[in-house]
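Here is a quick tour of a two-chain model, written for someone who'd rather look at the residues than read a methods section. Keep the structure open while you read.

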Amino acid sequence: MTTPQPILRVEGIHKTLGDQLVLNDVSLTVNRGEVKILIGPSGSGKSTLLQCLNFLHHPDQGRIWLDGREFKATSRRELCAFRQQVGMIFQDFNLFDHLTALGNVQIALIKVKGMAKAKATHRAKEELARVGLADKMDLYPAQLSGGQKQRVSMARALAMDPKVLLLDEPTSALDPELIGEVLAVIRFLASAGMTMIMATHQIAFSATMAHEFLFMEKGRIVERGSPVHLLAPGATSRTMAFCAKINELSGDLGMAERRCASSSSALADKPQGGHGTT
Amino acid sequence: MDFAKTIPVIWESLPFILGGITWTLSLVFGAMLLGLCLGIPLAVGQVYGTRTVRGCIGIYVWLFRGIPILVQLYLFYFGILAYLSQVPSLAGLGLDSAFLAALLVLGLTSAAYQSQIFRGSIQALPEGQLKAAQALGMTESQAVRSIILPQALRLSIPGWSNEYSILLKDSALAFAIGVMEIMSRTRTVAALTHEPLPFALVAGVLFYLLTHMGIRALKTLERKVRIPGYARQGSMS
């Protein structure tokens, strides 16, 4: 086994929005091929943290290293170069409404990477095929379902060859029956060794592929650990309590306990600490 | 008044009056174009610019929206342009032309109004559009050019067709400094024949037809550039 290779490391991130301290001394490291899951109640700072990680919000304090190099947002050019390497998936997709699925994936390749149009088209088609949308490439966002839109947005981010992918509640805006297709893509990416940090409420799902859960509350990471550990039957972790609460809110308490339990027992069979097969 | 008698007079003077359409349309299209070319950067500056930039644009808009067109026509024609054409190095450029004065006044005023149409459309777009573009590594100006403006300009077409119809009718004021557009010509003929009413009607009909045709053309444009999948909106009736 190779030694862990840190891709993205942040230390001591603080962020104030308005007069509220949204992030209070957050530090984390994600190694190549790892999947880290951010969980916690809404308003706990998950979204702001992710946006700080690619400088859509500039942190007030703290340091960031990408692939071993410290990044300081000194020039606009460096900032754009940094963002290209850190892919972002938004809760409400944010597809460019005036462009087809193909155009959405293609445009940054042409404008940002300076790729020739034919090459960009080829690459964009490949990425759309990878998320199962080869036949939808000429449709506009308004003609796609939510799940399809989110898959286009994943193809768009992946086409830039990011070193790490940040996912901000990628399934929260979707109708329940459309969540599966997006989760399938995420699972595929994880198995292909994509480094990811994802904020989500899909705890049972993410427990099956996460290397670490980070539980956030009031702008801090208050608990971290492997899902097996945090969701072990009888565990008294915050994560476990939160998981039960989410499922309780969806109106099925007995089911909730079984799901938490089954996701952790499923994990017991999974080889620990391994990287995804590439 | 005897309309039957005036019909042959109108008929006879019609070629002269219709000749004004060229001037009216050159003035309107020229001013729309000038307003578009200036209005887009003004709108972008007002939304994304620094405080100073926003302040300067605010003053520009305030000035050109606040001063009546007729007053501006006099100021430009008898003031600024008359003065500039006296400057030796600028002589011979034809700066003392009434058409140029009217074009500048209508164009600069339209830029002020158009900038507010575009600003409204830019601000109506979801914030996530700019964020998503930036997250892909686009600079702000790349994002504005390839993502924001293509959408904002589409949204602006209904407001823009309103601007066309206003500009068309404002262009009639250019008669005051002697541009030979439709209004000047009908007034000339009316003065010669001492029949003001029929010729006012002729001018009214011509302006009505030009307004109608322009708005039809812009509706077609709106339909042509509509993004597929969006429900028909109220403006598309």
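## Surface patches and strands

Let's start on the outside of chain B: Val205(B), Tyr208(B), Leu209(B) and Met213(B) make up a nonpolar surface patch, and together they offer about 420 Å² of accessible area. Bear in mind that this is a predicted model.

One member of that patch, Met213(B), sits in helix H8 of chain B. Is Met213(B) buried or exposed? Its relative accessibility is 51%, and exposed means over 50%, so Met213(B) counts as exposed.

Helix H8 of chain B covers residues 196–224, and Arg216(B) is in there too. Arg216(B) belongs to a surface patch of positive charge, together with Lys219(B), Arg223(B), Lys224(B) and Arg226(B). With a relative accessible area of 55%, Arg216(B) is exposed.

Stepping back to chain B as a whole, you'll find eight helices and zero strands. Its pattern along the sequence reads α-α-α-α-α-α-α-α. The C-alpha trace of chain B spans about 70 × 50 × 25 Å along its principal axes. Chain B has 237 residues, and 43% of them count as buried.

Now over to chain A and its strands. Strand E1 (residues 6–17) and strand E2 (residues 20–31) of chain A run antiparallel and are joined by eight bridges. If you want a pair to look up, Arg9(A) stands opposite Thr29(A) in E2(A). The hairpin of E1(A) and E2(A) has two residues between the strands, and Gly18(A) takes a positive phi near 65 degrees there.

Strand E3 (residues 35–39) of chain A is another one to zoom in on. Why is E3 of chain A described as largely enclosed by the rest of the structure? Because five of its five residues are buried, and buried means under 20% relative accessible area. Val35(A), Ile37(A) and Ile39(A) point one way from E3(A), Lys36(A) and Leu38(A) point the other way, and all are buried. Yes, that list of buried residues includes the lysine, Lys36(A).

What does E3(A) pair with? It runs parallel to strand E8 (residues 196–199) of chain A, with four bridges joining them. Lys36(A) has Ile197(A) as its bridge partner in E8(A). E3(A) also pairs in the parallel sense with strand E9 (residues 212–217) of chain A, over four bridges. There, Leu38(A) has Leu214(A) of E9(A) as its bridge partner.

Finally, a backbone matter. Most residues other than glycine have a negative phi. Two residues of chain A go the other way: Asp161(A) has a positive phi although it is not a glycine, and Glu169(A) likewise has a positive phi without being a glycine. Here are their angles and accessibilities:

| Residue | Phi | Relative accessibility |
|---|---|---|
| Asp161(A) | about 55 degrees | 47%, partly exposed |
| Glu169(A) | about 45 degrees | 11%, buried |

Where do they sit? Asp161(A) is in the loop between helix H5 (146–158) and strand E7 (164–168) of chain A. Glu169(A) is found in the loop between E7 and helix H6 (176–191) of chain A. At 47% relative accessibility, Asp161(A) is partly exposed, whereas Glu169(A), at 11%, counts as buried.

Notes. Residues numbered from 1 in each chain as written. Chains lettered and ligands numbered in written order. Predicted model: local features only at pLDDT ≥ 70, side-chain atom pairs only at ≥ 80, totals over all residues. Heavy atoms only, no water. Patch = residues over 30% accessible without salt bridge, like charges linked within 9 Å, V, L, I, M, F, W, Y side chains within 5 Å. Areas by Shrake-Rupley, 256 points an atom, 1.4 Å probe, with all protein chains shown as cover. Salt bridge = Lys/Arg side-chain N within 4 Å of Asp/Glu carboxyl O. Lys, Arg positive; Asp, Glu negative; His and termini not counted. Charge placed at Lys NZ, Arg CZ, Asp CG, Glu CD. Buried < 20%, exposed > 50% of the residue type's maximum accessible area, 1.4 Å probe, protein only. Pairing = 2+ DSSP bridges.
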